[in-house]
Amino acid sequence: MFQHAYPANSSEPMTWKRIRGLAKSQLREMRKVQKDETQNFLDIPFLAIDPANAHEHDDAIYAEPVYKDKKIKGYKLFVAISNVAKHVPPDSPIDQAAKSLGFSVYNTLAVKRMLPGPLTNGICSLKAGQARDAVVIEIDIDLRGNVKEFVFHDRRIKVHANPDYQNVDDFLQGGKEHEREGKKHKHKRLDAKTKETLKHLHDAALCLKMAAKTRGELDVPATRFKPIIKRGEIVSYIEEKNDIGRMIVENFMITAGFVTATALIKHYTNYDGTVIHLPLRHHPGLHNEQVIRLATQLEKLGIPTPDYDDWSPKDLADILDAARTKKLGKQVEMLIASEIQSSIQRAHYSGHTATHFGLGLPAYGQVTSPLRRYADLMLQRATLNMLANPTNDPEKHIYPERGWRADEGTIFHLRLQEDKIEAQQKAFDRVQALTWLKKQEFSSYAQQKRAIQDAKNEAAKTGTPVRIEKIKPYTVEARIEYVADDGVIVQLLNCPIREKIRRQDLAPSLQQVIRDQNPKNIAETVGKTVKLTIENFDISEDILSFRDASLPRLAATTAPFMQRALRIA
């Protein structure tokens, strides 16, 4: 049984079994936040848009146009976040367990939740047709996506529907069929109210997208793969696209994080100008060495760049726009995007500053997932305190500071847990992908060996000589994503494996491109598809190397390859 926390004044480990029991028995006692039941948002048709396999719905959204003289002048947005703080008091056994873990952990085959199932899948999940407690952020924006006003509410809501990303895409693209898990399907039947809400959400999200582009939000493409699982095993991978439903949700969530961080910083600023520590997000920006490399490449292409030590998000967005304006081709855009993506540092929790370089925001906090991120739960408590105590009187806090204030120890713990869980998740996903690739390799060898044996049997029966083909190495296709000084980084097209190939293992033409480091030649190379053979493959040691399929196999690797092939039954 997984153990990760201890209850107060007890030496017994806080297992998930105990936590579930406490959640069921203490659920009613945890309702401490009182509200006026006559001022609820039960009539607003919120939509909770999530992946198709999601069971935890912790946020829902709604939008409606604002008219002036019969013309749309903007949109009123509603972002509803499940009121988890109401059911998880600070220092309770459930809270201790959640704080110890810090995050829910998701991988391809299992989920380890931060909070017990009766909360995440039950009373705190925003399911269609069921009244739930929520913190609602009401935001007014203009047609350019700029935030004009916002206000927070502690209300009960009722989600109208739970469409998934694919449903949203299908409807907004005119009912077009899409390939999903190897089958053609059409979107589920959506009622008129859901369709109308989706149209408003889409229009409002486009306005928010316009504001993001104006402030310089980095829109760097990322490759994502979704595993197709049957009977507990991964049978294939499909590459996910940046769909419309995901775009809508992300823009609403980013806006909610911005206004919440702005309000909390203003509310919790002391008279001396210092801010009480809150678990907000900080994104520092660029690595200097790679910025210099990128600037050098861009200058050779005739694209203007700012000073090396003063690059803003808007500068990077302008660089991408300049590349498109000069009609340098998709390859150049991919080159610049690859350079920028490798230059960007990752965001982290910070109790001192909340500037976010990648989003181009002066303040930002993750607030929309209190079911799976403990920092979001802390910020939700701070928000509820702000609503109940506008004067910031410590004696009037409904939640004590220890339940939401992020001291240095808490920030360090959250960072450590985030890094640890991310590393473990990446390692797990890589092992799963390598295992799948190994099965494909073995399957290829087995098929060839069966074909050879069938040819031998046929020759023995007929007495006719038959040419027996040798077993060929397993070949994969990959897309070149980045050209370095000593090789290239490729992304396999059939699974989420990204590897670096040494210069000597590439075709002579690619070796010449690497030696010359000519930006135009590199631009033509990035995005090309190459065929590769597997040279060394050991999952236990995390060893995987490729070689261009047009090159002869190395003598050192021929023997292990043949031994591996002959062991296939």
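## Helix packing and burial in a predicted model

Residues D95, A98 and K99 in helix α2 meet Y374, L377 and R381 in helix α10. The model in which this contact appears is a predicted one, and its protein chain carries 14 helices and 18 strands. Of the 569 residues in that chain, 49% count as buried.

**Helix α2 against helix α10**

- Helix α2, which covers residues 93–101, packs on helix α10, which covers residues 374–388, with the two axes 9 Å apart and at an angle of about 130°.
- That angle makes α2 oblique to α10, because an angle counts as oblique when it falls outside the ranges for roughly parallel (under 35 degrees), roughly antiparallel (over 145) and roughly perpendicular (65 to 115).
- Sorted by residue class, the contact of α2 with α10 comprises three nonpolar residues, no polar ones and three charged ones.

**Helix α4 against helix α5**

- The axes of helix α4 (residues 165–172) and helix α5 (residues 192–215) cross at roughly 85° and come within 11 Å, so that α4 is roughly perpendicular to α5.
- On the α4 side the contact is made by V168, F171 and L172, while α5 contributes K195, L198, K199 and H202.
- The residues of this contact of α4 with α5 divide into four nonpolar, one polar and two charged.

**The chain as a whole**

- Among the contacts in the protein chain with a separation of 6 or more, 69% are accounted for by residues 24 or more positions apart.
- One example of two residues distant in sequence is the pair T296 and P519, which are 223 residues apart along the chain and 9.4 Å apart in space, C-alpha to C-alpha.
- T296 itself lies in helix α7, which covers residues 288–300, and it counts as partly exposed because its relative accessibility is 32%, a value between the limits of 20% for buried and 50% for exposed.
- The accessible surface of the protein chain comes to about 28,600 Å², and 50% of it belongs to carbon and sulfur atoms.

**Cysteines**

- A disulfide is a covalent bond between the sulfur atoms of two cysteines, and the structure holds zero disulfides.
- C207 counts as buried because its relative accessibility is 8%, which is under the 20% limit for that class.
- C495 is likewise buried, with a relative accessible area of 0%.

How values were computed: Residues are numbered from 1 along each chain as its sequence is written. This is a predicted model: local features need pLDDT of at least 70, side-chain atom pairs count only at pLDDT 80 or more; totals for chains, interfaces and linings use all residues. Side-chain values use heavy atoms; hydrogens and water are left out. Axes are lines fitted to C-alpha atoms, for helices over the stretch in contact, and angles run from 0 to 180 degrees between N-to-C directions. Helices (H or I, at least four residues) and strands (E, at least two) are DSSP runs, numbered from the N terminus. Contact means heavy atoms within 4.5 Å. Ala, Val, Leu, Ile, Met, Phe, Trp, Tyr, Cys and Pro count as nonpolar, Asp, Glu, Lys and Arg as charged, and the others, Gly among them, as polar. Buried means under 20% relative accessible area, exposed over 50%, partly exposed in between (1.4 Å probe, protein chains only). Accessible areas come from the Shrake-Rupley method with a 1.4 Å probe; for residues, only the protein chains shown count as cover. A disulfide is a pair of cysteine sulfur atoms within 2.5 Å.
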